[in-house]
Amino acid sequence: MSNGTDLNKLWEDIGRAGGIDSYVDKQLREKGFLVSRRNTENMSKAKLKAYKESLKKEAAEKKRFHKEAWLAYRANHIVHLGENVYFNDADNFDRWDLPNAEERADENELPKLDNPKQLAEALGITISDLRWLAYHRDAATSLHYRAFTIPKRDGSKRQIWAPLPKLKAAQHWILRNVVEHLPVHGAAHGFLPGRSIASNAAAHTNSKIVVKVDLKDFFPTVTLPRVKGIFRKAGYREQVSTLLALISTESPREIVEKDGKTYYIAMGPRCLPQGAPTSPGLTNTLCLRLDRRLTGLGKKLGWRYTRYADDLTFSLPNDHKGAPKLGLLLGSIGRIAADEGFAVHPKKTRVARKGSRQKITGLVVNGEGNPRVPRKLKREIRAAIHNLKNGKGLKEGDSYSRIAGYAAYICMTEPELGQKLIKELASIDPPAESE
């Protein structure tokens, strides 16, 4: 009996019987396998042999019924989630749960998820699939992610973990139905509807001084317990919070080949993967108190504050009177970040004064105008489109789709110029080698 529907029906039968042991006894009795225990002292050899055979048959059938019942239990319960992960199917409540968790979930307009079965049904998967997606192994032979690297501005490589389709679908559901309903501070501009790198930069135009601070190892710092805490605070209890957190995290891993097999070895605790759709939204809600405190710090000292993912930006308005108190600002940022479980990257703090170019999330904010794309990039895109028009090739590393992406990027801050570039590019057939 392995069909999911059959196992679910069997588990319902077990529940009606009063549990696995009661169900097994009932089956043995109804099917004639239950043997009444008798005194064997006065039995003949033939009767003793028959009696022992009946006991053996009862034991075999009892083992079979127990095995079927266990399969039904596993089909309806999580049971185990891997090494060093605590999970107990009987623990519906935990001392760390909010006192009125369901009320908090209602306030956040979250879907009702009181147990793993409700979560599996909401995700459109079975309990077995839910366990498979959430299961942790320190040395895994397969993962739910595809790993690759992209270049960073400093020339180093950034590792991206892209979830495979089944996990990605589950993460998208969690993002849309849970994470996007959680409170986020107004200073956050990354990965939110109606906000962007442009809105982030626009808050800092016409500045006397711009200060940019980077949080070190942003996603790896947000480990499984912190993610689980987000879901608990949202209004979910122990079991569901554990599963949601496991689906949203993964350990940083090293790929090792041994005896012809590939192993993915966990090199640290589970944390938010860069590449999972849930990661940016979870950091936004996790940083609510950080953003509140840094906004308060900025107001106290006369500075404006925004955050785009791990990039913190402070700016002193051009009309600010008095000393900038830059040392106090930077020292306080470091202390507040540490209080909130983050660390400032010591080599990535930048200060840009009025006479130098002030650039925020890739956009220039000097003066009173809107944020704008740097002139150098605009010249490069115009030149690339000109070359395409005249049948010339693109520079090494360039492609038609990249040029189209930058034209749309320019359109975001300079609509007239951007639309002109997009129109020009649309009139040119893409080169065959870059389609």
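Guide: Two strands pair if DSSP finds at least two bridges between them, strands being DSSP runs (E, at least two residues) and helices likewise (H or I, at least four), numbered from the N terminus. This is a predicted model, in which local features need pLDDT of at least 70 and side-chain atom pairs count only at pLDDT 80 or more, whereas totals for chains, interfaces and linings use all residues. Residues are numbered from 1 along each chain as its sequence is written, and side-chain values use heavy atoms, with hydrogens and water left out.

Visitor: How do you know that β4 and β9 pair?

Guide: Strand β9 covers residues 350-353 and is joined to β4 over 4 bridges in the antiparallel sense, and since at least two are required, the two strands count as paired. Within β9, Arg353 is the bridge partner of Ile209.

Visitor: What makes β8 a partner of β4?

Guide: Here 7 bridges join β4 to β8 (residues 311-317), and the two strands run antiparallel. Ser315 in β8 is the bridge partner of Val210.

Visitor: Why is β4 called mostly covered?

Guide: Of the 8 residues in β4 (residues 207-214), 6 are buried, that is, under 20% relative accessible area (exposed is over 50%, partly exposed in between; 1.4 Å probe, protein chains only).

Visitor: What makes β1 and β5 edge strands?

Guide: An open sheet of 3 strands has the order β1-β6-β5 with antiparallel pairing. In this sheet β1 (139-140) and β5 (253-258) each have a single partner strand, so one side of each is left without a neighbour in the sheet. Strand β5 is joined to β6 (residues 261-266) by 6 bridges, and in β6 the partner of Ile255 is Tyr264.

Visitor: Why is Lys376 called exposed?

Guide: The relative accessible area of Lys376 is 55%, and because this value is set against the cut-off already given for exposed residues, Lys376 meets it. Lys376 lies in helix α15, and this helix (residues 375-389) gives the most to a positive surface patch, with 4 residues. The patch is formed by Arg357, Lys359, Arg375, Lys376, Arg379, Arg382, Lys395 and Lys420.

Visitor: How do you know that Phe93 is exposed?

Guide: Phe93, which sits in the loop between α3 (45-76) and α4 (101-107), has 58% relative accessibility and therefore counts as exposed. From C-alpha to C-alpha, Phe93 and Val365 are 51 Å apart in space, with their positions 272 residues apart in sequence.

Key
Patches are made of residues with over 30% relative accessible area and no salt bridge: like charges are joined within 9 Å, nonpolar side chains (Val, Leu, Ile, Met, Phe, Trp, Tyr) within 5 Å. Accessible areas come from the Shrake-Rupley method with a 1.4 Å probe; for residues, only the protein chains shown count as cover. A salt bridge is a side-chain nitrogen of Lys or Arg within 4 Å of a carboxyl oxygen of Asp or Glu. Lys and Arg count as positive and Asp and Glu as negative; His and the chain ends are not counted. The place of a charge is taken as NZ of Lys, CZ of Arg, CG of Asp or CD of Glu.
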